[in-house]
Each structure stands twice: as C-alpha cells, then as structure tokens.
Amino acid sequence: MTRKLTPGKLVIASHNAGKVREIRALLEPYGIEPISAGDLGFPEPEETGTTFAENALLKAHASASAAGLPALADDSGLEVAALGGRPGVYTADWAERQWFEGANGRDWYMAMGKVEGLLAEQGPDVDRSARFVCTLALAWPDGHAELFEGRAEGRLTWPPRGALGFGYDPVFVPVGNILTYAEIDPAEKHAISHRADAFAKLVAGAF
Ligand code: IMP
C-alpha cells in the first residue's frame with residue numbers, strides 16, 4: 001500500500017526554479033510546505049541511473065536523508081518508438097553542446113535535429129510516434145520510497161513549430177491534437193502533460 005504524505009515540510013529535490021514553482025503550486029492545497037534542495041544548499045547528485053525511476057529515486061533519497069524530511073524528485077524525457085526509446089534518460093544530454101572553450105550549454109534545436117536525422121535515416125514511412133515520460137519519486141528519511149509514472153503519447157513533426165514551452169516541445173504533437181506543445185497555451189499543456197499525469201497519480205496515491 002502507498003505510504004501517505006502528512007501535512008508539513010517536503011523537500012523538492014530539484015535545482016530547477018521552474019520545476020520547483022510548478023510543484024509548489026500543485027502541492028500547496030494539500031497542506032504541504034515545499035522547500036527546494038537548492039535553498040537548503042544541497043549539491044545536485046549526479047544522474048547515473050539508466051532509467052527515469054533510478055534517477056528520480058537517486059535524487060529523492062539524497063535529499064530525504066540530507067534533510068531528515070520526505071523529499072520529492074522528478075525525472076523526465078522523450079522516448080521515440082523508432083529509436084528504441086532513445087533519447088530516454090539522455091534527453092537533456094542530447095542537447096549538451098560546447099559553445100566555445102570552457103562554456104557548455106544546451107542547444108534544443110541541435111537535439112531535435114539529431115532525433116529527426118536518425119528518423120530520416122529510416123526513410124519516409126518511419127513510425128513517428130513518441131512519448132514524454134515523467135517519473136516522480138517520493139522518498140522518506142527511513143529509506144522508504146514510492147514511484148508514480150506519467151506519460152503523454154504523441155508523434156514527432158518536422159520542422160519545429162511554436163515559441164511557447166521548452167526543450168523538445170516544438171516537435172511534439174500530443175495525441176488528438178494538430179498543434180505542437182510549443183503552440184498550445186501553457187495552461188492547456190500543463191493539464192494534459194506527462195507531468196500532470198504523474199502528479200494526478202501522486203495525489204491519488206499519497207494523500
Ligand atoms: P530532467 O530535468 O533530467 O528530468 O530532464 C528531462 C529533459 O526532458 C528536459 O531537459 C527536457 O529537454 C525534456 N523534457 C521533459 N519534459 C518536457 C516537456 O514537457 N517538454 C519538452 N521537453 C521536455
């Protein structure tokens with residue numbers, strides 16, 4: 001049975017201000033007081049796992065044991081069917097680029113182009129279906145943890161369209177839609193996304 005989360009402090013095991021803001025808004029109605037791992041001065045653990053679950057657990061356990069409080073972490077990415085699920089846990093890594101000596105950054109157009117290049121190698125009839133996955137790990141200081149996985153099914157389009165959103169949004173068209181995630185109003189995207197699906201499961205299981 002899922003362990004329940006009681007009202008009180010919860011560490012958000014993320015250093016991404018956008019993610020922390022989104023999670024804070026989602027959990028406040030449940031009497032949860034979120035504090036971010038960044039605000040507590042915790043270092044970011046290296047994501048050495050080979051699955052979303054392993055990486056989410058690694059981050060949640062590190063924060064829970066450092067703070068002596070329950071902690072929530074998320075790990076997400078894009079799985080492309082014709083690429084055997086790649087880039088998967090390496091979704092952000094595919095955007096890593098050295099701009100000039102000593103300065104690294106993320107180039108999302110390069111990453112989307114890489115995915116498209118690999119699809120193009122398989123010819124015009126390639127299966128363009130893809131999904132975003134979001135795995136949430138909720139860990140307690142005694143080592144107990146619960147996992148919640150959300151998915152958003154869709155297909156990849158080319159060229160990229162839209163200026164809203166982030167990451168691979170401009171090439172992802174969710175099922176039942178003709179617009180990409182980067183063309184849909186963000187409030188609508190947040191209602192149908194993989195992260196929304198994972199949070200719905202967390203709210204159903206943990207409260
Ligand atoms: P994480 O921060 O390690 O979970 O990185 C996951 C990566 O997946 C992000 O850097 C994004 O590139 C990508 N990603 C996850 N969710 C979305 C989304 O909703 N839209 C676009 N890209 C996403």
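In what follows, contact means that heavy atoms lie within 4.5 Å, and helices (H or I, at least four residues) and strands (E, at least two) are DSSP runs numbered from the N terminus. The structure is a predicted model, in which local features need pLDDT of at least 70 and side-chain atom pairs count only at pLDDT 80 or more, while totals for chains, interfaces and linings use all residues. Residues are numbered from 1 along each chain as its sequence is written, and side-chain values use heavy atoms, with hydrogens and water left out.

A good place to begin is the sheet, which is open and has six strands in the order 2-1-3-6-7-8, with mixed pairing; two strands pair if DSSP finds at least two bridges between them. Strand 2 (32–36) and strand 8 (172–174) are the edge strands, each pairing on one side only, and the twist averages 35 degrees from one strand to the next. Within this sheet, strand 6 (residues 129–139) and strand 7 (residues 145–156) run antiparallel and are joined by 11 bridges, and Phe132 stands opposite Ala152 in strand 7.

Helix 2 (residues 52–67) lies across strand 1 (8–12), strand 3 (71–80), strand 6 and strand 7, and runs at about 165 degrees to strand 3. Such angles run from 0 to 180 degrees between N-to-C directions, and axes are lines fitted to C-alpha atoms, for helices over the stretch in contact.

Another pair to follow is helix 1 (residues 17–27) and helix 5 (residues 194–206), whose axes come within 12 Å and cross at roughly 35 degrees. Here Glu22, Ile23, Leu26 and Leu27 of helix 1 meet Arg195, Phe199 and Leu202 of helix 5. By class, this contact has five nonpolar, no polar and two charged residues, where Ala, Val, Leu, Ile, Met, Phe, Trp, Tyr, Cys and Pro count as nonpolar, Asp, Glu, Lys and Arg as charged, and the others, Gly among them, as polar.

The loops also deserve attention. Most peptide bonds are trans, but the bond from Arg86 to Pro87 is cis, with omega near 0 degrees, and Pro87 lies in the loop between strand 3 and strand 4 (96–100). The peptide bond from Trp158 to Pro159 is also cis, with omega near 5 degrees, and Pro159 is placed in the loop between strand 7 and strand 8.
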